[in-house]
Amino acid sequence: MNMQELFRDGRQVLSFEVFPPKRTSSIETIYNTLEQLKDLEPDFISVTYGAGGNPADSSTCQIASVIKNRYHVLPVAHLTCVSTTKDNLETILKQFEDAGIENILALRGDINPDIPPAKDFIYASDLIAHIRNRGGFDISGACYPEGHTEAMSIVTDVLNLKKKVEAGATHLMSQLFFDNQVFYDFMDKVKIAGIDVPIEAGIMPVTNKRQIERMVSTCGASLPRKFTRVMQRYENNPEALRDAGIAYATDQIVDLLANGVNGIHLYTMNNAYVARKITESVKNLLHR
Ligand code: FAD
């Protein structure tokens, strides 16, 4: 399925992201989650790949294949290139093809100081160009409303983003953010740069204390006062924090949809309950 078709005539897309369980022996747990997510009728479900720079196994391909063949939902397989040689990449792409996967989110991946980069691909745009020349896949890319943490400025990052689109990305998914104004300002810059592919807004419902701490230390998203006030108030009350996180994310999504975003990419953290609560609240707002 061509990604552009999903966004035809201003249609607003709703997609989910899941990650493979840490231990391959517990892969069945993700199938319980997917069983519930598929009932929410997302436009696609994407599956992360070797997050944190660890060498990937085949679970991304395995889970994406199940999403397609057992649950009949469009899968998007993430793929990183920082530790991948061209030969190794071809093996992975063949596995994807054999599993019927047609959509790839092509990423550089985080640089892991313990694993030397393979150097065949320096940037995600190199991977995107390689896959486009090879053929067989529709390619998406990642974007960063607050700028990528390594970029000198947001303007430099947006100019680099344009290289991804010129290399062949037909759709972009954003890093999570908690302040919608940040996303709107980013979209203004993207427009000025002449980037005209659909961009989904990445939303992560923060529903437990560990997530808040990880967020602050790793992803670099700025935390608006409204967000920190809610989190501080409920951080020691798990049920209230979960409800507050769901409400905050829902509020963000309502505003984004009303402002005409192309789509919402929900970082589900493999939590089907949270995904269901949010989806049920916003489904009728999606422009279809
Ligand atoms: P790039 O686009 O290569 O950008 C990296 C840096 O290089 C940026 O600072 C950029 O400005 C700069 N740059 C890019 N192109 C050029 C160029 N041509 N010339 C000069 N500078 C350039 N990580 C995982 O390991 N697994 C996942 O499954 C995963 N999924 C993700 C999903 C989404 C939606 C997002 C937003 C991120 C995801 N990540 C994942 C994290 C991602 O791998 C990291 O953010 C990584 O550090 C950058 O990846 P990228 O593809 O954006 O890199």
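Trainee: Is K119 buried or exposed?

Mentor: Happy to help! This is a predicted model, where local features need pLDDT of at least 70, side-chain atom pairs count only at pLDDT 80 or more, and totals for chains, interfaces and linings use all residues. Buried means under 20% relative accessible area, exposed over 50%, and partly exposed in between, with a 1.4 Å probe and protein chains only. K119 has 63% relative accessibility, so K119 counts as exposed.

Trainee: Which loop holds K119?

Mentor: Helices (H or I, at least four residues) and strands (E, at least two) are DSSP runs, numbered from the N terminus. K119 has a phi near 75 degrees, positive in a residue other than glycine. Its place is the loop between β4 (103–107) and α5 (124–134).

Trainee: What is the phi of M269?

Mentor: M269 sits in the loop between β8 (263–267) and α11 (272–282). M269 is not a glycine, yet its phi is positive, at about 55 degrees.

Trainee: Which residues does M269 touch?

Mentor: Residues are numbered from 1 along each chain as its sequence is written, and side-chain values use heavy atoms, without hydrogens and water. M269 is partly exposed, at 26% relative accessibility. Contact means heavy atoms within 4.5 Å. Leaving out residues up to four places away in sequence, M269 touches E17, F19, M204, Q211 and R214.
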